[in-house]
Amino acid sequence: MENSSNPEGEDRRNQTIPSTSSTSSSDDYRLFDRQGSLHQFLGGGKAADILLWKQWSVSLGVIVVASVAWLIFEWSGLPFLSICSDVLLILIIVLFVHSNYAAYRDRQPQSLPELELSEEMVNNAAASFRVKINNMLLMAHDITLGKDFRLFFKVVTCLWLLSAIGSYCSFFTLAYIGTILSVTLPAFYSKYEEPVNKYCGIIQRKFSQQYKIVDDSVTNRIPRSFSKDKDT
């Protein structure tokens, strides 16, 4: 009697284990597969403080400046070069008047600010930039040779979406929308992190299931046909 009851208990345990693992995987999901906090993911400096609205005055200033610049470029009808030239002209005239007024009042003009960069900072920036450029070139090489069809499909889809969106709005409008979203979305995600991770995990699992179906039915056949053509 004891031996006959044990298999039933093991079967029930085996049936409950997958459900608990699936729920734990959905709860552990984080956007962009990040390991640390959101502040560390954004760089952990002043830029992260601005994006997370820890310095709300600077964050609000970025939105106001971006909105004013967008209104000037989009609704004034003036070309970009003319607006930049007018702004620089006004700035030079103001600085010229200020320096001559200081000399007339026997005041020393303010010294020009100097850009100071250490050799270590320049070397680190150049090394990181070189690594990113090499990764982009390697990615472009794999795309053009057809080694990674999934990446090729993603790049083509993104470029097509950008082309479709660009036909309805200008570059400055896209830049303005990107600026507003970059300032507001991180703070919104930081406030509602748990529900966003939960729903994004559900969407990611459903999308991966659909992509696997497409990959098994269509995508995996294309490299095989290419390889057969090369062999023949």
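What is the mean pLDDT of the chain, and what share of its residues reach 70 or more? The mean is 75, and 77% of the residues get to 70 or more. Keep in mind that you're looking at a predicted model, with pLDDT as the predictor's own confidence in each residue.

Let's start with the shaky parts. Residues 1–5 stay under 50 in pLDDT, and the model gives them 0 contacts beyond four places in sequence. Residues 9–26 are also below 50, and that stretch has 2 contacts beyond near neighbours in sequence. Where pLDDT is low, the predicted coordinates shouldn't be read in detail.

Now for helix H4, which runs over residues 56–75. With 20 residues at 1.5 Å a residue, H4 should span 28 Å, and its end C-alpha atoms are indeed 28 Å apart, so the two values agree. Which residues of H4 are buried? They are Ser59, Ile63, Ala66 and Ser67. These four cover an arc of only 100 degrees around the axis, so they sit on the same side of H4. The spacing helps you see how that works: an α-helix has 3.6 residues a turn, so residues three or four places apart point the same way. And what do the buried residues of H4 pack against? Their partners are helix H3 (46–51) and helix H8 (171–191).

Both sides of H4 in sequence have something to look at. Trp53 is in the loop between H3 and H4. Its phi is positive, near 60 degrees, even though Trp53 isn't a glycine. Most residues other than glycine have a negative phi. Trp53 counts as partly exposed because its relative accessibility is 29%. After H4 comes Gly77, with a positive phi near 80 degrees.

Next, the UniProt record. An unreviewed entry there lists residues 56–73, 79–97 and 151–177 under "transmembrane region". Here is how two of those spans look in the model:

| Span | Helix | Strand | Distance between end C-alpha atoms |
|---|---|---|---|
| Residues 79–97 | 95% | 0% | 28 Å |
| Residues 151–177 | 85% | 0% | 26 Å |

Last, the cysteines. How many disulfides does the structure hold? The count is 0. As for exposure, Cys84 has a relative accessible area of 26%, so Cys84 is partly exposed. Cys158 is at 48% relative accessibility and therefore counts as partly exposed. The cut-off behind that label is simple: over 50% would be exposed, and under 20% would be buried.

Conventions:
Residues are numbered from 1 along each chain as its sequence is written. This is a predicted model: local features need pLDDT of at least 70, side-chain atom pairs count only at pLDDT 80 or more; totals for chains, interfaces and linings use all residues. Side-chain values use heavy atoms; hydrogens and water are left out. A disulfide is a pair of cysteine sulfur atoms within 2.5 Å. Buried means under 20% relative accessible area, exposed over 50%, partly exposed in between (1.4 Å probe, protein chains only). pLDDT is the predictor's confidence in each residue, from 0 to 100. Contact means heavy atoms within 4.5 Å. Helices (H or I, at least four residues) and strands (E, at least two) are DSSP runs, numbered from the N terminus. The expected span of a helix is 1.5 Å times one less than its number of residues. The arc is that of the directions from the helix axis to the C-beta atoms. UniProt positions are given in the numbering used here, feature names are shortened, and annotations may be inferred rather than shown by experiment.
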